[in-house]
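Open the model in your viewer and keep the sequence panel visible. The stops below are given as selections, each followed by what is found there.

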Amino acid sequence: MTYIGHLISRAGTTCTTGPQSGVSQAMRWMVAALTLVAGCSVSPPPVTAPSPPAAFPSASPSAVRVLYRVEVRTDVADFEAVVVSTLSDPRGWQRAGFSLVRSADAPYVIVLAEPDEVDRLCLPYDTFGLYSCQNGPVVALNADRWRTATPEWTGDLATYRQMLVNHEFGHLLGQRHPPRPQCPVPGEPALVMSQQSTELNGCLPNPWPLPVEVTRAAQHDLPLSPP
Ligand SMILES: [Zn+2]
């Protein structure tokens with residue numbers, strides 16, 4: 001396995017979108033990163049999350065190995081179990097040749113915290129007590145969102161949590177929001193890197209990277225965030 005560390009990615013800021021730009025060589029230092037999952041407004045009726053494709057290859061021996069820690073800074077149970085199972089799921093980023101491994105001394109950390117603490121962790125960007133973010137080596141998830149999802153989310157809570165983990169960790173792996181409209185084909189699964197917390201707009205809720213996202217991420221040309 002290949003371990004890529006000491007890399008810095010350029011990322012979008014507050015829920016901005018745009019085509020995947022900034023393609024750069026894997027070992028190139030760039031600017032710090034932050035990306036947000038937004039939230040607010042109206043709620044359509046629940047629908048069933050789409051089934052994932054039938055077969056998924058496991059991470060290959062040449063997979064890029066990314067070590068992460070898990071921290072729970074509030075009174076939510078089972079956060080670590082959900083994170084670990086999501087990031088090791090064969091439907092997730094390992095399809096793109098990443099091996100995401102929990103390790104006590106990892107350079108990356110995924111944190112669940114109350115909104116005020118998430119706001120601090122995400123500085124200098126504003127998360128308004130609502131959003132989650134990826135900021136450098138930190139993925140900070142808003143505990144309120146973890147408990148209740150958002151009104152716009154049409155899937156169940158367990159699926160929302162998987163989406164949140166995969167979306168924000170996707171930013172850590174250099175992935176960006178897709179260009180608008182983030183639901184180009186209503187009735188089809190949303191891209192995991194689209195802002196599903198607020199912009200499903202007729203797409204089906206989806207917690208896993210779609211084939212096009214797997215193909216993009218598998219190029220391994222987008223630098224990871226700084227450890
Ligand atoms: Zn995002």
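Select residues 157-172 of this predicted model. This is helix α4, with 16 residues. From its first C-alpha to its last, α4 reaches 23 Å, close to the 22 Å expected at 1.5 Å a residue. Colour the helix by burial: 14 of the 16 residues are buried, so α4 counts as mostly covered. Then step past the end of the helix to Gly174, which follows α4 and has a positive phi, near 95°.

Next, select residues 132-135, strand β6. Are its faces covered or open? Both are covered. Ser132 and Gln134 lie on one side, Cys133 and Asn135 lie on the other, and all four are buried. In a regular strand, side chains alternate between the two faces of the sheet.

Add residues 138-142, strand β7. The two strands run antiparallel, and three bridges join them. To check the register, pick Gln134 in β6; the residue opposite is Val139 in β7. Together β6 and β7 make a hairpin with two residues between the strands. In the turn, look at Gly136, whose phi is positive at about 60°.

Move on to residues 143-148, helix α3, and pick Trp146 within it. Why does Trp146 count as buried? Because 20 other C-beta atoms lie within 10 Å of its own, and 20 or more is the cut-off for a buried residue. Now show its contacts, leaving out residues up to four places away in sequence: Trp146 touches Val76, Leu112, Leu141 and Arg161. Two of these partners lead back to earlier stops: Leu141 falls in β7 (residues 138-142), and Arg161 falls in α4 (residues 157-172). For Val76, draw a C-alpha to C-alpha distance to Trp146: 8.8 Å in space, against 70 residues in sequence.

Zoom out to the whole protein. There are five helices and seven strands, in the order β-β-β-α-β-β-α-β-β-α-α-α along the sequence. Of its 227 residues, 46% count as buried. Among contacts with a separation of 6 or more, 71% are between residues 24 or more positions apart.

Finally, colour by pLDDT. The average is 80, and 73% of the residues score at least 70. Select residues 1-59: pLDDT stays under 50 there, although the model has 144 contacts beyond four places in sequence for this stretch. Where pLDDT is low, the predicted coordinates should not be read in detail.

How values were computed:
Residues numbered from 1 in each chain as written. Expected span 1.5 Å × (residues − 1). Buried ≥ 20, exposed ≤ 12 C-beta atoms within 10 Å, placed from the backbone. Pairing = 2+ DSSP bridges. Contact = placed C-beta atoms within 7 Å. pLDDT = per-residue confidence, 0-100.
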